[in-house]
Amino acid sequence: TFNKSGKTDFLLKYEDGTNLFVAECKWWTGEADFHAAIDQLFERYLTWRDSKAAVLLFVKNKGFSAVVEKVKAEAAKHPYFVRTSVDRAETSLAFEFHLPNDDKRLVRFAILLFAFP
């Protein structure tokens, strides 16, 4: 579905047509691609009115637990990172990030990890 300047994987809307949730799906291929996925979501798909977003990460690697820990650490290094929220589960990570051009506009941002051994 198209939103802002690109085609996102998931876009849920309210009945009035405003966005409820925007998400991207990606395979875990390392830190650089993970940061690029966040950039893609925040810079190309989120508008000022969007307040909830997620990246769904599919992980083929052995050592899934190590990838989960790496994702937590790398999310906190991202320039849009504001704070960590309470995680909902071991593989459902919750954060607050800000929009690229407005550090006062916060987005509830989730990262969901799925193991595909």
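Phe109 is a good place to enter this predicted model. Setting aside neighbours within four places in sequence, Phe109 is in contact with Ile38, Leu41, Phe42, Ala53, Ala54, Val55, Leu93, Ala94, Phe95 and Phe97.

**The cores**

Phe109 also belongs to the largest nonpolar core, which has 25 residues. Phe109 is among those with the most contacts inside this core, along with Leu41, Phe42, Val71, Ile111 and Leu113. Which elements each supply at least two residues of the core? They are helix H1 (31-45), strand S5 (52-59), helix H2 (64-77), strand S7 (92-99) and strand S8 (102-115). H1 gives the largest share, five residues. Another core lies apart from this one. That second core has five residues, including Ala23, Ala54, Leu56 and Phe58.

**The overall fold**

The chain has two helices and eight strands. Along the sequence they follow the pattern β-β-β-β-α-β-α-β-β-β. The chain has 117 residues, and 40% of them count as buried. Among contacts between residues at least 6 apart in sequence, 54% join residues at least 24 apart. The chain exposes about 6,800 Å². Carbon and sulfur atoms supply 54% of that area.

**Helix H1**

H1 has 15 residues. From its first C-alpha to its last it reaches 21 Å, close to the 21 Å expected at 1.5 Å a residue. Which residues of H1 are buried? They are Phe34, His35, Ala37, Ile38, Gln40, Leu41, Phe42 and Tyr45. Ile38, Leu41 and Phe42 are also in contact with Phe109.

**From H1 to S5**

Asp50 sits in the loop between H1 and S5. Is Asp50 buried or exposed? Its relative accessibility is 3%, so Asp50 counts as buried. The side chain of Asp50 reaches the backbone nitrogen of Thr47 at 2.7 Å.

Ala53 belongs to strand S5. Ala53 counts as buried because its relative accessibility is 2%, and the cut-off is under 20%. Ala53 and Phe109 are 56 residues apart along the chain, yet their C-alpha atoms are separated by 4.9 Å. Leaving out residues up to four places away in sequence, Ala53 touches Phe21, Val22, Leu41, Leu46, Val107, Arg108, Phe109 and Ala110.

**Strand S7 and its partners**

How many of the eight residues of S7 are buried? Eight of the eight are, so S7 is largely enclosed by the rest of the structure. In a regular strand, side chains alternate between the two faces of the sheet.

S7 pairs with strand S6 (residues 81-84) and with S8. The table sets out these pairings.

| Strands | Sense | Bridges | A bridge pair |
|---|---|---|---|
| S6 and S7 | antiparallel | three bridges | Phe81 and Phe97 |
| S7 and S8 | antiparallel | eight bridges | Glu96 and Arg108 |

A hairpin joins S7 to S8 through two residues. Phe97, the bridge partner of Phe81 in S7, is also in contact with Phe109. Arg108, the bridge partner of Glu96 in S8, is touched by Ala53 as well.

**Pulling it together**

Phe109 links several parts of this report. Its contacts include Leu41 and Phe42, both buried in H1. They also include Ala53, which is placed in S5. Both S7 and S8 supply at least two residues of the largest core, and these two strands pair over eight bridges.

Note on methods
Residues numbered from 1 in each chain as written. Predicted model: local features only at pLDDT ≥ 70, side-chain atom pairs only at ≥ 80, totals over all residues. Heavy atoms only, no water. Core = buried A, V, L, I, M, F, W, Y, C linked by side-chain atoms within 4.5 Å. Buried < 20%, exposed > 50% of the residue type's maximum accessible area, 1.4 Å probe, protein only. Helix = DSSP H or I, 4+ residues; strand = E, 2+ residues; numbered from the N terminus. Contact = heavy atoms within 4.5 Å. Polar contact = N/O pair within 3.5 Å; in protein donor to acceptor, adjacent residues only side chain to side chain. Pairing = 2+ DSSP bridges. Expected span 1.5 Å × (residues − 1). Areas by Shrake-Rupley, 256 points an atom, 1.4 Å probe, with all protein chains shown as cover.
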